[in-house]
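Student: I would like to go through the backbone geometry of this model with you, one unusual spot at a time. Could we reason each one through before we settle on a value or a name?

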Amino acid sequence: MGGDFAPLEPLKGVLQYISDSNGLAHITLVGDESQIKNLVAQLKISSEHITIVHADQVIGMDESPTKALKEKQKSSISIGFHLLASGKIDAFVSAGNTGAMLVGALFTIKAIEGVIRPTISSVIPRENGKTGLILDVGLNADCKPEQLNQFAVMGSVYAQQILGIESPRVALLNVGEEEGKGNILVQATYPLLKENKHIHFIGNIEGRDILMDKADVMICEGFTGNVVLKMAESLYEVSERQNLRHEYFDRFNFEIYGGTPVLGVAKPVIIGHGISHAKAFMNMIFLAQKMIEKDLMNKMKKELEP
């Protein structure tokens with residue numbers, strides 16, 4: 001029930017997923033049962049691929065996340081996390097209240113043992129057709145060096161398993177390439193990354209390198225990462241307004257990638273943009289499926305063990 005175009009666009013995304021995958025995953029639809037049943041009938045979605053779980057309440061986009069989760073136990077987000085925590089579903093996807101999704105992931109599903117703070121990442125299209133990963137992109141505006149060091153491990157595992165990069169090059173986003181450059185945070189993080197045997201660390205990169213093929217995984221605190229992410233999103237919007245037709249700009253359309261996975265929690269949780277349409281929902285389901293098939297969370301856990 002989350003997102004600006006719910007529940008129609010999520011259900012259209014489910015239909016596209018079933019059509020493209022022959023229904024490899026069974027989809028549990030959490031929300032207003034009468035609305036869902038009417039749309040399922042209109043869209044002719046096969047009942048063998050779905051289960052409907054009724055939810056009386058919806059958490060609005062402007063509601064306080066912690067308060068809403070506490071007071072709206074029968075909301076689609078609250079019930080979705082209960083189903084995930086109890087093992088009745090294997091992954092949870094939503095384009096609803098981002099804060100509620102993050103709070104639910106952190107306090108209902110819990111972090112992987114040893115993780116200081118989970119993180120969220122975003123893919124970055126490269127000029128040469130390849131794809132990079134940047135994290136954190138907004139969950140942790142302020143970080144400690146130890147957190148960035150863990151982000152590097154989680155990002156590296158994600159790049160290997162989901163993006164298919166065999167030996168991801170990990171870099172620290174900085175104001176200069178030299179080891180001694182940057183603020184206190186990056187200066188303290190650099191030696192940790194340099195000594196980390198779980199990653200292939202190549203040193204610092206600058207802002208001008210983000211869209212180039214210099215590193216596969218780019219590490220920064222969430223304040224900087226969110227600025228980069230929002231600027232990247234604007235490239236697609238500008239290209240659309242200016243009618244600049246080029247396949248490179250098309251790759252900045254967030255719907256191609258679906259949503260943002262929360263890395264560092266024990267089960268797959270994927271958060272979609274509030275303005276997501278069917279294509280984004282379809283790709284979120286495909287991403288969730290891939291995370292399950294690759295056993296991503298357990299692989300991260302092994303890499304993060306002391």
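Student: In which loop is the place of aspartate 295?

Tutor: In this predicted model, the residue sits between two helices, of which one, H10, covers 278-293. The other is H11, covering 296-304, and the place of aspartate 295 is therefore not within either run, helices being assigned as DSSP runs. The name asked for is the loop between helix H10 and helix H11.

Student: What is the phi of aspartate 295?

Tutor: Most residues other than glycine have a negative phi. Aspartate 295 is not a glycine, yet its phi is positive, at about 55 degrees.

Student: Is aspartate 295 buried, exposed or partly exposed?

Tutor: Buried requires under 20% relative accessible area and exposed requires over 50%, with partly exposed in between. Aspartate 295 has a relative accessibility of 36%, so it counts as partly exposed.

Student: Where is lysine 110, and what is its relative accessibility?

Tutor: Lysine 110 is placed in the loop that runs between helix H5 (98-109) and strand E4 (119-125), and its phi is positive, near 80 degrees, although the residue is other than glycine. Lysine 110 counts as partly exposed because its relative accessibility is 46%.

Student: Which residue does a cis peptide bond join to alanine 6?

Tutor: Most peptide bonds are trans. Here the bond is cis, with omega about 0 degrees, and the partner lies in the segment before helix H1 (8-21). That partner of alanine 6 is proline 7.

Student: What is omega for the peptide bond from leucine 135 to aspartate 136?

Tutor: Aspartate 136 belongs to the loop between strand E5 (131-135) and helix H6 (145-161). The bond leading from leucine 135 to aspartate 136 is cis, with omega near 5 degrees.

Methods. Residues numbered from 1 in each chain as written. Predicted model: local features only at pLDDT ≥ 70, side-chain atom pairs only at ≥ 80, totals over all residues. Heavy atoms only, no water. Helix = DSSP H or I, 4+ residues; strand = E, 2+ residues; numbered from the N terminus. Buried < 20%, exposed > 50% of the residue type's maximum accessible area, 1.4 Å probe, protein only.
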